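Student: Could you take me through one part of this model slowly, looking at how its pieces pack against one another?

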Amino acid sequence: MNVARTDFPLLAAQPSLVYLDSAATAQKPRAVLDAIRDYYETTNANPHRGAYRLSGAATEAYHGARRDIARFLGAADADALIFTRGTTEALNLLATAWGHAHVHRGDRVVVTRLEHHANFVPWQQLARAVGAEFRICEMTHDGQVDLDQLRLLVTANTRVVAFGHVSNALGTINDVTDIVKIAHTAGAMAFCDGAQGAPHLRVDFDALGVDAYAFSGHKMLGPMGIGGVVARRSLLEATPPYQYGGDMIEYVFDGDTTFNVLPHKFEAGTPNVEGAVGLAAAVRYLDGLGMDAVRAHEVSLTRYALQQLATIDGLHVQGPATAEARSGVVSFTLGDIHPHDLSTMLDVDGVCVRAGHHCAQPLMRALRVNATVRASFYVYNTPADVDALVASLRKAKVRFGAHAG
Amino acid sequence: MSAELDELYQSIILDHNRRPRNYRVMDDASAHADGQNPLCGDQLTIWLKVDGGRISDVSFQGSGCAISKASASLMTAAIKGKTREEADALFTKFHGVVTGAHPEDAESMGSLKALGGVSRFPLRVKCASLAWHAMHAALAQHADATPPAPVSTE
């Protein structure tokens, strides 16, 4: 796959920048920026509100974007795609609105050790609030969900299994089919945090079998502040509204209110049309590349990175051993050099990596580390970026001396 | 090698990171306070013994980056024997140097001037100042006799 760096204005303007933090947020192609500008220059009005043609055009831009994104995620029922600010809000919607209606005292809620805080804390707090039991499925030594333990944990009183498609901290790709089977066999819902999945893997929602799949636009070349959840229609219809306000109502009386149909029921207030339009442009860009080509590119880069990093004495990579078992994420430590010191030294060479706990403190505790360095790849990265990372790490090691080994 | 990194990671900083001074629990401390930067995962504890208005002993333990550890180590050496007012005044001066507000004060700080390179890395000021905020909280404990809540510089 050959992605022109010139497609990405920020990368084009900073030719020496080595951006290896796409798991945090991706850079944006010009097509996305143009789509947002074009929306405001030609189509902007409040959707659903006006009887004039411009408002109709804004409405069509918004729902056309919804259809494009649903198609990209393999969901035939576009109106069962609810826009939110991102994965965090989508997971909070599920835990709060679905959770409080369907999880009760004595029930069980299961998450995994690999979860980002956004798919951990909402379920933990739901369990605390309703008196349910909150259980964490541990991982195997190479950072995979321990399916044997999951089978034991998911009991008949389990209402939901919440798990990530791809671990943001380790890059582990989870076996969605197996996890769904375990959840459904026990009669539990299977909710998937797809923040790190949708940008990198072909997602076929209708075939995956999950009951809900949450995603963030900004990690898949789209703008910040847009994302959503695609879910089974019957699940959303059995879920009370999350927020109240304009658009989501049908009739409001002095004493009671009836609610609008999907997707409006879960989209109170003026929607983020520019975000939806920008994200639709992003998925068209990804479709143009082809998600299979995106995946092949990342496997090849990750394999090269794992090979090159293995040549540095004292460098310890966390998570799955092979590139095939992970997305384009490599999390590591280097001797006793603190990840923040490494990040500062790499930054001076123009190499942007994430250092810290990656919003996964329970996972870091299990790994017995306070922090790691995480390099993550996307469509615009090249083997030269990996070489720059490795060269900068070698320099950092020299600076910190023998103790780095 | 980059000049700004040479300045940030001077040999004295790397030495204090590797062999932190006064790195121990103090059982008979008259005050202590925790410093935590949850985003970084850095955490440390400062112990103080104050006799007759002077800091007669100070120690620390914890985990963190080279900057936070070296700053804590250098601080313990710098404030031993000082009064509470002198220690707080040194904190103020130190803060002015690491934030770049008063670089001219670096020369009068002794070994602490080695941390002046932090001013070129605004994202690392919180690392350099964590131990100092904890020290300040521990000293305040002497004034009102209640154990301080953990401090943070994030």
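Tutor: What follows is a close look at one helix pair, and then at the domain and chain contacts. The model is a predicted one, and the part to examine is the pairing of helix α2 (residues 30-42) of chain A with helix α10 (residues 273-289) of chain A, whose axes lie 8 Å apart at an angle of about 145°. The crossing in which α2(A) passes α10(A) is right-handed. From α2(A), the contact draws on A:Ala31, A:Val32, A:Ala35, A:Ile36, A:Tyr39 and A:Tyr40, while α10(A) contributes A:Val273, A:Glu274, A:Val277, A:Gly278, A:Ala281, A:Ala282 and A:Tyr285. Sorted by class, the residues of this helix contact comprise 11 nonpolar, 1 polar and 1 charged.

For the wider setting, chain A is divided into domain 1, spanning 32-287, and domain 2, spanning 291-404. The C-alpha centres of these two domains of chain A are 29 Å apart, and their contact takes 22 residues from domain 1 and 23 residues from domain 2. On the side of domain 1 of chain A that touches domain 2, there are 9 nonpolar, 9 polar and 4 charged residues.

Turning to the contact between the chains, chain A supplies 14 residues and chain B supplies 16 residues. On the side of chain A that touches chain B, the elements giving two or more residues are α12 (339-348) and α14 (383-400) of chain A, and α12(A) gives the most, with 5 residues. That side of chain A consists of 4 nonpolar, 8 polar and 2 charged residues.

How values were computed. Residues numbered from 1 in each chain as written. Chains lettered and ligands numbered in written order. Predicted model: local features only at pLDDT ≥ 70, side-chain atom pairs only at ≥ 80, totals over all residues. Contact = placed C-beta atoms within 7 Å. Helix = DSSP H or I, 4+ residues; strand = E, 2+ residues; numbered from the N terminus. Nonpolar A, V, L, I, M, F, W, Y, C, P; charged D, E, K, R; others polar. Domains from an automatic or database assignment. Axes fitted to C-alpha atoms, helices over the stretch in contact; angles between N-to-C directions. Left-handed = near helix turned anticlockwise from the far one by under 90°.
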